[in-house]
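Visitor: Please give me a close look at one pocket. Then carry on to the salt bridges and the unusual backbone spots.

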Amino acid sequence: MANQILLLTTFLAMTCALVIAFEPSPLQDFCVADTTSSVTRVNGLPCLDSKLAQADHFFFSGLHIPGNTSNPVGGVVTPVNVVQIPGLNTLGISLARIDYAQWGVIPPHTHPRATEILTVLEGSLYVGFVTSNPDNKLISKVLYTGDVFVFPVGLVHFQQNVGKGNAVSLSSLSSQNPGVNTIANVVFGANPSISDDILAKSFQVDKTVISSLQAKF
């Protein structure tokens with residue numbers, strides 16, 4: 001009986017240790033990213049000496065400025081992550097302003113490291129995400145000014161302006177570096193290219209269709 005209790009206690013201790021190791025609590029007030037450091041192979045960016053921290057390390061200006069939507073999809077993202085604000089390093093949060101021309105879209109994409117919560121600031125958006133295989137259920141809704149919608153981490157999602165004028169939204173993401181994989185760019189714009197034979201069989205279309213799509217990306 002004593003051995004069983006010891007075994008259980010050891011197992012629980014190891015489990016707790018693994019949980020803490022996977023998502024540790026901060027060990028300091030902040031970790032301003034030191035982009036000049038030669039340290040590599042860390043999950044995030046090395047910390048600047050905290051004595052050198054300044055207000056500008058935690059500051060970004062310009063989110064009120066509309067992005068240029070003169071592009072093929074009619075949508076543009078202005079990110080505010082650890083690249084723009086070094087003080088976000090290790091804090092697990094970031095922002096993005098998104099501007100949409102009339103009928104502009106943010107094409108289907110994923111954030112491999114973050115859940116996104118989107119708020120419509122101006123206009124009307126049709127938004128949605130698709131659940132994982134095998135269901136692949138589309139969950140979508142038309143949003144209006146002041147509405148909020150959540151895109152779960154890692155799932156393919158999209159936005160489209162369905163209003164009569166331009167639209168603006170603001171997104172919060174649960175990572176200082178959420179990453180983005182735009183599906184069309186990843187599949188048809190890979191470098192080097194994914195074999196047209198693989199893509200033709202995967203999408204069940206002729207290779208000429210694949211070649212045409214790859215030429216666009």
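Guide: On a 1 Å grid over the protein atoms alone, a pocket is an open set of points with protein on both sides within 12 Å along at least five of seven lines. The points are joined across faces, edges and corners, and the volume is the space filled by probe spheres set on them. The second largest pocket has a volume of about 530 Å³. Its lining (an atom within 4 Å of a point) takes in 26 residues. Closest to its centre are Val77, Ile106, His109, Val180 and Thr182. Five elements give two or more residues each to this lining: strands S1 (75-80), S2 (94-100), S3 (105-110) and S9 (167-173), plus helix H2 (183-188). Helices (H or I, at least four residues) and strands (E, at least two) are DSSP runs numbered from the N terminus. By class, the lining splits into 14 nonpolar residues, eleven polar and one charged.

This is a predicted model, in which local features need pLDDT of at least 70 and side-chain atom pairs pLDDT 80 or more, while totals for chains, interfaces and linings use all residues. Numbering runs from 1 along each chain as its sequence is written, and side-chain values use heavy atoms, with hydrogens and water left out.

Now the salt bridges. The structure holds three of them (a Lys or Arg side-chain nitrogen within 4 Å of an Asp or Glu carboxyl oxygen). One pairs Arg97 with Asp99, at 2.8 Å from N to O. Arg97 and Asp99 are both buried (under 20% relative accessible area with a 1.4 Å probe, protein chains only; over 50% is exposed, partly exposed lies in between).

Another bridge links Lys201 to Asp197, at 3.7 Å from N to O. Both residues sit in helix H3 (residues 196-203). They are four residues apart, about one turn of the helix. Lys201 is exposed, with a relative accessible area of 61%. Asp197 is partly exposed, at 30%.

Asp197 also meets Lys207, at 3.9 Å from N to O. Lys207 belongs to helix H4 (residues 207-216) and Asp197 to helix H3, so this pair ties together parts that are ten residues apart in sequence. Lys207 is partly exposed, at 40% relative accessibility. Shared partners join Asp197, Lys201 and Lys207 into one network.

Next, the backbone. Most residues other than glycine have a negative phi, and most peptide bonds are trans. Here are some exceptions.

Start with the loop between strand S5 (125-130) and strand S6 (138-143), where Pro134 lies. The peptide bond from Asn133 to Pro134 is cis, with omega near 5 degrees. Asn136 lies in the loop between S5 and S6 too. Its phi is positive, about 50 degrees, although Asn136 is not a glycine. Asn136 is partly exposed, with a relative accessible area of 40%.

Move on to the loop between H2 and H3, the place of Pro192. The peptide bond from Asn191 to Pro192 is cis, with omega near 0 degrees. Recall that H2 gives residues to the pocket lining, and that H3 holds Lys201 and Asp197.

Last comes Gln204, in the loop between H3 and H4. Its phi is near 55 degrees, a positive value in a residue other than glycine. Gln204 is exposed, with a relative accessible area of 72%. The helices on either side, H3 and H4, are those that carry Asp197 and Lys207.

Technical notes: On a 1 Å grid over the protein atoms alone, a cavity is a set of points where a 1.4 Å probe fits but cannot get out, and a pocket is an open set with protein on both sides within 12 Å along at least five of seven lines; lining residues have an atom within 4 Å of a point. Ala, Val, Leu, Ile, Met, Phe, Trp, Tyr, Cys and Pro count as nonpolar, Asp, Glu, Lys and Arg as charged, and the others, Gly among them, as polar.
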